[in-house]
Amino acid sequence: MPKPYKRGIARSRPVFRFVVVGDGLCGKTSMLDVLKTSTFCQYYRPTVIESRTAEIWVDDNLVDLVITDTSGQDENDKLRQTSYSGAHVALLCYSVNDRNSLENVVDKWRSELTEHLTNVPVVLVGTKTDLRDEPSITRTPFMTRYVPVDSQEQWTVAERIGAAACVECSAFSADSVCGVFETATRVAMLRKEAAQPKNYFQRLRSNLKKFFVVNFCCVQRTAKYMRVNS
Ligand SMILES: Nc1nc2c(ncn2[C@@H]2O[C@H](COP(=O)(O)OP(=O)(O)OP(=O)(O)O)[C@@H](O)[C@H]2O)c(=O)[nH]1
Ligand SMILES: [Mg+2]
């Protein structure tokens with residue numbers, strides 16, 4: 001039988017909701033697979049929409065994450081737009097070996113996020129960094145589309161879209177995948193902290209409000225239970 005204090009700890013853990021967006025094939029699902037199972041699959045399996053959970057330690061806090069993986073394909077635009085509700089942070093992905101996907105960060109994704117997420121921080125994520133030094137990409141400079149994106153360009157775009165942070169990873173080599181989610185969690189924590197009431201009276205008012213809401217829910221639940229069992 002589970003011990004009561006375990007339930008207490010589990011309940012007090014912060015929970016943050018992330019939504020992961022970006023062009024189709026840019027590597028969103030692979031990044032989540034590595035976070036959850038530490039395995040990389042080289043075969044492409046298109047996503048429709050999928051919700052996953054994960055636990056992560058950030059600055060000595062164990063945090064629960066609920067991550068919505070979306071489809072980057074245009075034909076799923078309508079469906080994807082239903083997944084934004086309740087998100088604390090948006091992870092906007094592009095692939096460092098595909099300039100088009102970085103251009104779409106500005107041309108497509110920025111406006112979609114602005115439309116559906118008000119006041120939600122965005123973390124710009126460059127994926128597939130293992131392909132940056134791939135000879136088949138770097139040896140074709142005459143095809144400008146295939147010159148990999150460098151960190152400086154990434155920061156310029158991050159500033160342009162007002163991103164809260166900018167990170168890179170490779171699902172293939174598992175390099176910095178956890179770092180991406182640690183950064184996003186820190187951004188969510190900072191945002192939550194900033195939204196906390198600052199002075200004593202604001203804190204007191206907010207705590208009293210929480211207290212009454214919780215107790216009101218308990219009373220309602222007890223009344224319902226008694227009605228059902230009477
Ligand atoms: N070399 C390399 N390949 C990767 C990496 N991440 C993903 N891929 C490959 O890129 C392809 C697409 O990856 P997905 O993670 O399915 O892409 P996605 O962004 O989820 O695509 P949608 O679900 O259509 O939006 C797959 O064949 C992966 O194996 C990476 O870090 N390095
Ligand atoms: Mg996917």
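Here a biologist and a modeller talk through a predicted model of one chain with a ligand.

Biologist: Let's start broad: how many helices and strands does the chain have?

Modeller: Going along the sequence, you meet the pattern α-β-α-β-β-α-β-α-β-α-α-β-α-α. Count that up and you get eight helices and six strands.

Biologist: And what share of the chain's 230 residues counts as buried?

Modeller: A residue needs 20 or more other C-beta atoms within 10 Å of its own to count as buried. Of the 230 residues in this chain, the share that passes is 30%.

Biologist: Which helix gives the most residues to the shell around ligand 1?

Modeller: That shell has 24 residues, and G27, T29, T47, G72 and F172 come nearest. By kind, the shell splits into nine nonpolar, 11 polar and four charged residues. The top helix contributor, with three residues, covers residues 28–37: helix α2.

Biologist: Over to L124 in strand β5. Is L124 buried or exposed?

Modeller: Look at the company it keeps: beyond its neighbours within four places in sequence, L124 contacts L92, V105, Q154, V157, A158, I161, A163 and C166. The cut-off for burial is 20 C-beta neighbours within 10 Å. L124 has 26 inside that distance, so it counts as buried.

Biologist: How are helices α4 and α6 arranged, roughly parallel or roughly antiparallel?

Modeller: Two packed helices are described by the angle between their axes and the distance between the axes. Here the axes of α4 (residues 99–116) and α6 (residues 151–161) come within 10 Å and cross at roughly 10°. Angles under 35 degrees count as roughly parallel, so α4 and α6 are roughly parallel.

Biologist: What kinds of residues make the contact of α4 with α6?

Modeller: From α4 come L102, V105, V106 and R110, and they meet V157, R160 and I161 in α6. Sorted by kind, that contact has five nonpolar, no polar and two charged residues.

Biologist: Within what arc do the buried residues of α6 fall?

Modeller: The buried ones are Q154, V157 and A158. Their cover includes α4, β5 and β6. Seen down the helix axis, they line one face of α6, because they fall within an arc of 105°.

Biologist: Then which exposed residues sit on the face of α6 turned away from that buried side?

Modeller: The buried side holds Q154, V157 and A158. Turn to the face pointing away from it, and the exposed residues there are Q152, T156, E159 and R160.

Biologist: Last one: which residue just after α6 takes a positive phi?

Modeller: Helix α6 covers residues 151–161. Just after it, a phi of about 70° turns up at G162.

How values were computed:
Residues numbered from 1 in each chain as written. Chains lettered and ligands numbered in written order. Predicted model: local features only at pLDDT ≥ 70, side-chain atom pairs only at ≥ 80, totals over all residues. Helix = DSSP H or I, 4+ residues; strand = E, 2+ residues; numbered from the N terminus. Buried ≥ 20, exposed ≤ 12 C-beta atoms within 10 Å, placed from the backbone. Near = placed C-beta within 6 Å. Nonpolar A, V, L, I, M, F, W, Y, C, P; charged D, E, K, R; others polar. Contact = placed C-beta atoms within 7 Å. Axes fitted to C-alpha atoms, helices over the stretch in contact; angles between N-to-C directions. Parallel < 35°, antiparallel > 145°, perpendicular 65-115°, else oblique. Arc of directions from axis to C-beta.
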